[in-house]
Amino acid sequence: MASHNSPGFFARQRLSTPKQSVSKDPDALRIGILGAASIAPLGVIYPARTMRSIIVVSVAARDQTKAKDFAAKYSIPNTHPSYEALVNDPNIDCIYNPLPNGLHYEWTKKALEAGKHVLLEKPSASNAAQTQELFELAQQKNRVLLEAFHYRFHPASIYFREILQKHIADGHPIQHVKSALIVPGIFPPTDIRFNIKLAGGTTMDTGCYVVNSILYFTGLEFDSVDKAVPKIISEEIDGKMEGVLNMKDSHGANVQAHFATSLINSWLSLQTYREFFPSVIVETDQKIFTFGVFLYPTLYHFFTLKDKVTGKTENLPKAYGEGYTTYHYQLEAFIKAVKNDGRDTSLIAGWMRGEDSVLNMKVIDAIYTRAGMKIRERNSDLGMTQALCRRDNRFINGGRKQKGKKPPGGNFKGRATYYNPDGKGSCGDELSNNMVAALNGSQMKKDICGKSIKVTYEGKSVVVKVLDTCPGCPKGAVDLSEAAFKQLADLDKGVIQVAWSFV
Ligand SMILES: NC(=O)C1=CN([C@@H]2O[C@H](COP(=O)(O)OP(=O)(O)OC[C@H]3O[C@@H](n4cnc5c(N)ncnc54)[C@H](OP(=O)(O)O)[C@@H]3O)[C@@H](O)[C@H]2O)C=CC1
Ligand SMILES: O=C1OC[C@@H](O)[C@H](O)[C@H]1O
């Protein structure tokens with residue numbers, strides 16, 4: 001497993017983006033790609049170039065010119081005029097689905113119904129009920145369906161899991177787990193990750209890896225979400241999520257797993273997450289195992305093992321294998337499963353079974369519920385959800401119309417969250433006073449700047465000055481400074497339902 005003879009950093013990067021394709025076997029699997037997605041080259045196109053057993057035959061995009069340009073750029077021989085045409089092409093064996101999350105269910109279902117094997121990007125669907133349905137259908141159709149948790153197939157992940165599981169089997173129970181994936185704010189606000197209609201949110205996007213790493217490496221059983229604190233950046237979109245999962249070990253003992261994930265951190269603030277970034281830390285009665293950079297082990301990774309008795313930390317050898325990417329090892333595993341007619345995947349190291357995908361989504365659903373947020377829904381369900389939200393908001397605001405320049409009177413109800421105000425708020429004032437709030441975009445007006453509101457929760461009240469706007473917060477909502485929120489509830493609660501009025 002040690003990496004003494006494995007390729008160095010630059011050789012590994014060259015292996016990630018091969019320019020030429022090897023020649024293909026006559027019975028090579030024929031795979032088509034849904035959408036000219038950014039992840040498609042790394043996810044499938046480049047790894048397929050190094051394998052005789054698979055050929056990328058076509059891509060379909062909503063706009064055919066885009067599909068043709070993409071095909072030309074990546075030497076894909078064909079395009080299809082629509083997603084529908086691609087999944088129904090009898091000359092295609094497998095489909096790669098890297099569409100936005102909210103379209104995973106619909107197009108995977110169509111592909112399975114058309115008899116295709118599917119490599120499906122993470123997270124598998126918008127919620128656990130959809131995932132369950134997809135895997136039932138795959139079983140019914142005897143097709144392979146794999147959720148693309150690529151990191152699991154890399155030799156480094158397999159090694160880390162093996163040494164950890166051996167230590168547990170030797171009688172050392174897990175006492176605590178911590179997993180985090182903090183991505184700096186590299187995606188624009190228009191990105192699919194911030195679109196509720198496409199089932200966005202950081203818990204869906206990066207959080208799904210964090211949840212998966214806890215389940216996969218530790219083998220602990222999920223019990224419940226102890227706490228989930230979101231940073232909501234627009235309607236139902238979590239830019240950050242932190243919390244604790246209650247897990248159980250094989251003896252029924254409780255173990256807490258801390259998780260943290262974000263899509264909006266600045267590069268600088270990554271420093272504060274250095275101890276996590278992006279890593280899995282597992283503490284047993286005797287040792288602390290760390291797998292650093294678990295998600296991108298091809299780029300770089302490290303393993304440390306700290307002895308709690310001696311306090312000594314040992315660096316374990318790295319495990320780059322032949323130097324290929326996580327996506328390469330994943331595609332090899334997918335091909336193996338498809339070529340194995342019995343569909344026995346039990347011997348494929350790292351394999352993500354249907355029940356693992358369903359559980360992963362159940363944990364994500366439970367995190368959203370604990371955070372007081374909605375679980376993600378299918379695209380076509382969204383019309384109804386929004387209608388319900390509008391009704392809720394009318395109720396929250398007592399049906400009052402807010403006209404004119406005067407700050408609205410009356411009593412309001414809505415969601416309160418908290419943030420760390422710094423610099424100037426949208427009113428132009430320094431937010432140095434701790435007892436401040438940002439009012440939701442719908443109710444915030446210029447002449448509200450500097451007005452005080454009294455916010456009440458479970459018999460406790462706090463008076464705060466409105467100096468800022470929370471554009472993405474729903475009507476009725478207030479985003480309180482951390483200091484103000486603390487006077488009403490434990491920060492662990494993250495989201496509370498409050499009543500408030502102008503004073
Ligand atoms: N495994 C991994 O390492 C990674 C996985 N992912 C996952 O892959 C998926 C795609 O991510 P990414 O490649 O970054 O996303 P992109 O936005 O680059 O690609 C998504 C594709 O979906 C298609 N699409 C169809 N309907 C819509 C719509 N309404 N709005 C926007 N796009 C639409 C577009 O295809 P068209 O060409 O037809 O217009 C677009 O190319 C996500 O599920 C994400 O979680 C993402 C990055 C890394
Ligand atoms: O690998 C990844 O890292 C960044 C994420 O936003 C992306 O969707 C994910 O798959």
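I count two strands as paired if DSSP finds at least two bridges between them. With that settled, I opened this predicted model and went looking for its sheets.

**Entry 1: the barrel**

I started with the strands that close up on themselves. I found 6 of them forming a barrel, in the order 15-19-16-18-17-20, with mixed pairing. Going round, I noted that neighbouring strands are turned by 45° against each other on average, direction ignored.

Next I checked where strand 15 meets strand 20. Strand 15 covers residues 411–419 and strand 20 covers residues 496–502, and the two pair in the antiparallel sense over 6 bridges. For a landmark, I picked R415, whose bridge partner in strand 20 is Q497.

Then I turned to strand 18, residues 460–470. How many of its residues are buried? I got 8 of 11, so I wrote it down as mostly covered.

I looked at both partners of strand 18 in the barrel order. Strand 16 (residues 436–440) runs parallel to strand 18 and is joined to it by 5 bridges. There, A437 stands opposite V466. Strand 17 (residues 452–457) runs antiparallel to strand 18, with 6 bridges joining them. On that seam S452 stands opposite K465.

I also looked at the turn: strands 17 and 18 make a hairpin with 2 residues between them. I marked E458 in this turn for its positive phi of about 45°.

**Entry 2: the open sheet**

My next stop was a sheet that does not close. It has 8 strands in the order 8-9-10-7-11-12-13-14, again with mixed pairing. Which strands stand at its edges? They are strand 8 (221–234) and strand 14 (313–316); each has a single partner strand, so one side of each is left without a neighbour in the sheet. The twist I noted averages 15° from one strand to the next.

At the strand 14 end, I followed the pairing with strand 13 (residues 302–307), which is antiparallel over 4 bridges. T304 stands opposite N315 of strand 14.

Two helices on this sheet caught my eye. Helix 11 (residues 354–370) packs on the sheet and touches strand 8 and strand 9, with its direction at about 55° to that of strand 8. Helix 9 (residues 207–218) lies across strand 7 (174–184), strand 8, strand 9 (237–248), strand 10 (254–265) and strand 11 (279–284). Helix 9 runs at about 155° to strand 7.

**Entry 3: two helix pairs**

I then compared how some helices pack. Helix 5 (residues 104–113) and helix 6 have axes 10 Å apart and an angle of about 10° between them. That makes helix 5 roughly parallel to helix 6, as angles under 35 degrees count that way. Y105, T108, K109 and L112 of helix 5 meet Q130, L134, L137, A138 and K141 of helix 6. By class, I have 5 nonpolar, 2 polar and 2 charged residues in this contact.

The other pair is helix 2 (residues 40–49) with helix 10 (residues 326–339): their axes come within 8 Å and cross at roughly 70°. Helix 2 is therefore roughly perpendicular to helix 10. On the helix 2 side I listed L42, G43, V44, P47 and A48, and on the helix 10 side Y327, H328 and L331. This contact divides into 6 nonpolar and 2 polar residues, with no charged ones.

**Entry 4: P123**

I looked up P123 and found it in the loop between strand 5 (117–120) and helix 6 (128–141). Is P123 buried or exposed? It counts as buried because it has 28 C-beta neighbours inside 10 Å, and the cut-off is 20 or more. Leaving out residues up to four places away in sequence, P123 touches N101, M204, C208, M361 and I364. I also took a long view: P123 and N434 are 311 residues apart in sequence and 38 Å apart in space, C-alpha to C-alpha.

**Entry 5: the ligands**

I finished with the ligand shells. Ligand 1 is surrounded by 21 residues, the closest being G35, A36, A37, S38 and A61. Its shell has 11 nonpolar, 5 polar and 5 charged residues.

Which residues are around ligand 2? I found V183, R193, D205 and T206. Those divide into 1 nonpolar, 1 polar and 2 charged.

Key
Residues numbered from 1 in each chain as written. Chains lettered and ligands numbered in written order. Predicted model: local features only at pLDDT ≥ 70, side-chain atom pairs only at ≥ 80, totals over all residues. Near = placed C-beta within 6 Å. Nonpolar A, V, L, I, M, F, W, Y, C, P; charged D, E, K, R; others polar. Axes fitted to C-alpha atoms, helices over the stretch in contact; angles between N-to-C directions. Buried ≥ 20, exposed ≤ 12 C-beta atoms within 10 Å, placed from the backbone. Contact = placed C-beta atoms within 7 Å. Parallel < 35°, antiparallel > 145°, perpendicular 65-115°, else oblique.
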